[in-house]
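The following exercises concern the arrangement of strands, helices and cores in a two-chain model. Please work through each task before reading its solution.

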Amino acid sequence: MIVSKAFWKIVLKNIGSIILPTVILLMFGTISVTSVDSTAQYEARKPALVIFNHDENVGLTKNFIEYLEENATIKTGYEDDDRLKDALFYEEVTAVIEIPENFHQDMALGHDPEVKMRSSAGYVAELAKVAVRRYLSVAKGYSALHLSEQELVAKVDKAIANGVKTEMKAAVDTSKYAKASRYYSFANYTILSCFITIICLIMSAFNREQVRKRNLVGAIDIKKMNRILLRNCCIYVLAAWVFYVVISVFVLGVEVVFTAQGALYAVNSLVFAACATTIAYLISIFALSAGAVNGLQNVLALGTSFLCGAFVPAEYLPDSVLAFAHVLPSYYYIDANDKIMKIQQFDAATMVPILLEIAVVAGFCVLFVALANIISKKRQRIA
Amino acid sequence: MFWHNYKYALKALLKNRMLVFWTMIFPFALAMMFHLAFSRLHDYDVFEPFNVAVVNDEAYKNEKVFSEAFKTLGEGDNKLFNIEYVNKERAEELLENGDVDGYVYVSDGKKIVKIKENGTNQTVLTMTTEQVAQSAKMIDDIAMTEMAKSAGQQVDVEAIYRDAVKTVTGAEPNLKDESHVMNIVSVEFYSLIAMACMQGAMLSCEMMNRCMPNISNRGKRVAIAPTRKGIIVASNLLAGYTMLFTAVIALIFFTRIVLGVEYGDNIPSICLLAAVGGLAATMLGMFLSVILKTRESAKNIIIVIVTMVGSLFAGMFGVTKMFFDELAPLVNKVSPVGLITDGFYSLYYYEDATRFIVNVVSLIVVSALLFAFSIRSLRRQRYDSI
């Protein structure tokens, strides 16, 4: 009872270290999982455009704007230039199109009115340029035939409509699991932060030389004390894990969490939580001070999150970083999340790679426990 | 006395391993992590040709203009695709295995693009195929119109088609690109510099705790020392500020020279912002240390929370600063982390210095207010018993 009481007293004393990463997870979960592509049918990546039209909204100008509305998401409310500049920088707006005065007349007469464009960096901005160029090229090409504006609009419309049919091979919409994948991958940071800090502080407090010596001569058998500590650690880890899964119900929705994929995400995170616990157990052997634990926890949690794709998707990480990440359990945990997202049917081909990655994380648990035992024995001999 | 105390305060700070770690090692480690994680975020926009398959059957071969135009997309140094010409079964197999991002085939005169999932390459393939199909249609249209004009006369069909191709390929639109493309990843580093400045809060909190009788034994000794308390507080704070400023300037030059982060060319302004940012953080630490009547560790946790929440709002954890600016417009206008981040951003992105000046002045005002509140609480503290 005394040991358990001391355990939970230390947990409560460091409650801030649990709350902060949890709040960040909650905020990240609710904020950054909003826009995810659907894969059930083809959807072109639509650029976000702001249009400043200095011409009358008639004829070819009207047709051009309608074409842009169809092929892009039109954004409004960016009259303030600073706001527009910020939006371009942060890629909330892909491009700004400025249609000049008399555009429709000049185009119909075969003149070459100048259309101004400002875009952000990136692929989607290039797509926006391709879309704008496409319309203007068609209009300019047909204007060489000296048609009336009405005829020109009809020709342009017909040419643009001469589109291409796009067929989609995938039949399952996996977009909802992309949200879950991001949530659970970000949980890498939260799980490592919360578990390493708390377990290390508790175990370090009990492993401190003076305390250990006192406990050795105390009334409670040291093996019993270790059992109680282990039991309480398990309760803490399970409670925290259940809490994160419960949060996921609110963030991701029942339709995602209570599915086979949702169960797989939960199992994967449970195994990773166990791995984080063994990491904490290994660190705690060194009986570090609270400050050192805090520093180490930050380096480990942030380091693995950055290097393994918890903050930035793994596809954007350099190959050398990903190659190095293979020695970290976080990599397998996050990669398994990505694979769960892509499950279209439950068969051996899709399940084996996921289970293998979960097994690798479990293997890391065994490795850390073995390492901890070896180091612990060596330190006992030295003492 | 001031410089004597300053010297020993600085020595004491440098011997505090945890403070040295948080101020002088952790931000550098984080900068390295940022560099490793974000280095491809800007580069991924650089276009690289990707694999597509074309079903090379009779239907495709009959679409002469389309097939010829599509072929050119896989040729030359600026090619868009690595094209593989195969039969339909093989194309399906390649798509299934993920060896190609999509394949193109013609059925009943209709051009069809088949893809497995949504994505940028898939959009590029579809848009480009549409453009090629469109150009083919335009060439046909223009040639037909020209031939219709010469109805009844003998016409050179090949020459008409040649002219039509010339018209369509020469229809380069008059599109003026005024883009001012910047590296969005830089903002992550700006928020890191801001976070590093915020370590000043921890330093000044530590230095203030040393002067406060209700917090430490050293504070009790300082309280009864004959030296004026103002001198001790000022020299302690200056020592913390010196350590912080050195670390932040070193971090800026490390990220600029070693990691290649862009800050613009205005070095004096960069240093001024770092100095003012560090000052605001120092004052924040002083303020929190004075008003919070609690343990040293609890004060540190509160400072970490203030810093982390500020960093989150400044855009350090993936969600952009602009999102938070619209969600809670006031936070980044008073938060030192937000103001410092915005200061660096405006230096890099804006040609006009107004926004930068507003940020610097705001930081000075925030510092002055925090200083005034702290001094008000610090003055005339007397203890009957402690």
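Helices (H or I, at least four residues) and strands (E, at least two) are DSSP runs, numbered from the N terminus. The structure is a predicted model, in which local features need pLDDT of at least 70 and side-chain atom pairs count only at pLDDT 80 or more, while totals for chains, interfaces and linings use all residues. Residues are numbered from 1 along each chain as its sequence is written, and chains are lettered from A and ligands numbered from 1 in the order in which they are written.

**Exercise 1. Determine the strand order and the edges of the sheet that contains β3(A).**

Step 1. Two strands pair if DSSP finds at least two bridges between them. Strand β1 of chain A (residues 48-53) runs parallel to β3(A), with five bridges between them; in this pair V50(A) faces V96(A).

Step 2. On β4(A) (residues 115-119), β3(A) pairs in the antiparallel sense over four bridges. Here I97(A) is opposite M117(A), and V96(A) is opposite R118(A).

Step 3. The open sheet of five strands therefore reads β2(A)-β1(A)-β3(A)-β4(A)-β5(B), with mixed pairing. Its edge strands, each paired on one side only, are β2 (73-74) of chain A and β5 of chain B.

Step 4. Two helices pack on this sheet; contact requires C-beta atoms, placed from the backbone, within 7 Å. Angles run from 0 to 180 degrees between N-to-C directions, and axes are lines fitted to C-alpha atoms, for helices over the stretch in contact. Helix α3 (residues 59-71) of chain A touches β1, β2 and β3 of chain A and makes about 165° with β1(A). Helix α6 (residues 123-143) of chain A touches β1, β3 and β4 of chain A together with β5 of chain B, at about 170° to β4(A).

**Exercise 2. Explain why strand β3 of chain A is largely enclosed by the rest of the structure.**

Step 1. A residue is buried if 20 or more other C-beta atoms lie within 10 Å of its own, exposed if 12 or fewer, and partly exposed in between, with C-beta atoms placed from the backbone.

Step 2. Four of the five residues of β3(A) (residues 95-99) are buried, so the strand is largely enclosed.

**Exercise 3. Describe the open sheet that includes β5(A) and strands of chain B.**

Step 1. The order is β5(A)-β4(B)-β3(B)-β1(B)-β2(B), and the pairing is mixed. The edges, paired on one side only, are β5 of chain A and β2 (81-86) of chain B. Direction ignored, neighbouring strands are turned by 25° against each other on average.

Step 2. Between the chains, β5(A) (residues 165-168) and β4(B) run parallel over four bridges, with T166(A) opposite V113(B). Within chain B, β1(B) (residues 50-55) runs parallel to β2(B) over six bridges, and V54(B) is opposite Y85(B).

Step 3. Helix α5 (residues 88-97) of chain B packs on this sheet, touching β1, β2, β3 (102-107) and β4 of chain B, at about 155° to β3(B). Helix α6(B) lies across β5 of chain A and β1, β3 and β4 of chain B, running at about 175° to β4(B).

**Exercise 4. Characterise the side of chain B that touches chain A.**

Step 1. The contact takes 61 residues from chain B and 68 residues from chain A. On the chain B side, the elements giving two or more residues include α2 (17-43), α6 (120-149) and α12 (296-313).

Step 2. α6(B) supplies the largest share, 14 residues.

Step 3. By residue type, the chain B side has 34 nonpolar, 14 polar and 13 charged residues. Ala, Val, Leu, Ile, Met, Phe, Trp, Tyr, Cys and Pro count as nonpolar, Asp, Glu, Lys and Arg as charged, and the others, Gly among them, as polar.

**Exercise 5. Identify what I160(A) touches, and state whether I160(A) is buried, partly exposed or exposed.**

Step 1. I160(A) belongs to helix α7 (residues 149-161) of chain A.

Step 2. I160(A) has 19 C-beta neighbours inside 10 Å and therefore counts as partly exposed.

Step 3. Not counting residues up to four places away in sequence, I160(A) touches Y67(A), Y135(A), V138(A) and Q134(B).

Step 4. By contrast, the C-alpha atoms of I160(A) and I19(A), 141 residues apart along the chain, are separated by 55 Å.
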